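Trainee: I would like a close look at a single part of this protein. Please take me through one helix and what lies around it.

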Amino acid sequence: MTAQLIAAALALLSALVVAIGTVIRHLVAAEQPLPEEGLSSVKATLTSGKWWAGAGVSVIGYLLQAAALRFASILLVQPITILSFFFALPLSARFTGRRVRIQDWVWAILLTLGVGVLLVIGRPTNTHAHAHPLAWAGLLIIGIAIIILLLRLAKKGLRKERALLIGLGSGITYGYMSFYTKGVVMDLSAGHIVTVFTHPALYLLITASIVGTWLQQEAFNAGAIQQSLPAMTVASPITSSILGIVVYQERFTTSPALYWLVIAAAVLTVVAVIQLSRAEAQDDVA
């Protein structure tokens, strides 16, 4: 129980720090010319000192998340990271001049409630089983295929939803990043230094961090933060949790009679994110 409390505290602090770094980088993106004006907005942001400051803050948040994964399962740590949106909502409004409406706060509170029920009622385990290499490869191929599909839709099919689709791609990538982080952290804590450098998890982790950051900035440059941030915020823990269940055999230990409550909490969390995203999209149209 003590380990889980430490993990929960670290994950909550990580959510706050990540929210700060995310808002900083989105503010930099808002200052850049739109892609239609002939410049690569993402490349432009990389020349900004503010962007690197925001990236540095986000790295600290990621390290806190990695520390949390040392003490608890992906199923416990990752849902808490969804709360980074709860922190980012007022921070973004404060610095952009947007007003956080009452209904936005209601959905943000419902989002927090859904996460709380998942953790308290679900009671996730902290197992760390190892899957066959073919399972790793298969899951990686599936993830890459989904991300490519989302990017193609954002470019040619559903351009009005570009920020949302790219945000989903970024969130899925970060979900894989958290999954690989769990493996690297557990090997390091067990003293398996050689395994860390010979297993592909470390190199996939580095690749996912680079791709995820690039896609996140693309999403920020494509629209308002609430169009992309809810999608990436919820896609990351869902992705990593699915991977944790399949590969590491993590499970919720709630009684069968309460499974409906866990499912309802998960649905509530997703609905809250969708509603927050739609609300921002309607504001932009207006």
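Mentor: What follows is a walk along one helix and on into the stretch after it. Keep in mind that this is a predicted model.

Start with helix α8, residues 162-189. It has 28 residues, and at 1.5 Å a residue they should span 40 Å. The end C-alpha atoms are 40 Å apart, so the helix agrees with that expected span. α8 is mostly covered, with 23 of its 28 residues buried.

Now look inward. The largest nonpolar core holds 55 residues. α8 gives it the largest share, 9 residues. Phe179 and Tyr180 are among the core residues that touch the most other members, and so are Leu76, Val77, Trp136 and Leu205. In general, nonpolar side chains in soluble globular proteins tend to be buried together.

Take Phe179 by itself. Leaving aside neighbours within four places in sequence, it is in contact with Ile74 and Trp136. Its other contacts of this kind are Ser240, Leu243, Gly244, Val247 and Tyr248.

Next, leave the helix. Gly191 follows α8, and its phi is positive, near 80 degrees.

Then turn to the surface. Leu188, Ile193, Phe197, Tyr203, Ile206, Ile210 and Val211 form a nonpolar patch there. Together they have about 670 Å² of accessible area. α9 (193-198) and α10 (201-222) each supply at least two of the patch residues. The largest share, 4 residues, comes from α10. Phe197 sits in α9. Its relative accessible area is 51%, over the 50% cut-off, so Phe197 counts as exposed.

Definitions and conventions:
Residues numbered from 1 in each chain as written. Predicted model: local features only at pLDDT ≥ 70, side-chain atom pairs only at ≥ 80, totals over all residues. Heavy atoms only, no water. Patch = residues over 30% accessible without salt bridge, like charges linked within 9 Å, V, L, I, M, F, W, Y side chains within 5 Å. Areas by Shrake-Rupley, 256 points an atom, 1.4 Å probe, with all protein chains shown as cover. Salt bridge = Lys/Arg side-chain N within 4 Å of Asp/Glu carboxyl O. Buried < 20%, exposed > 50% of the residue type's maximum accessible area, 1.4 Å probe, protein only. Expected span 1.5 Å × (residues − 1). Core = buried A, V, L, I, M, F, W, Y, C linked by side-chain atoms within 4.5 Å. Contact = heavy atoms within 4.5 Å.
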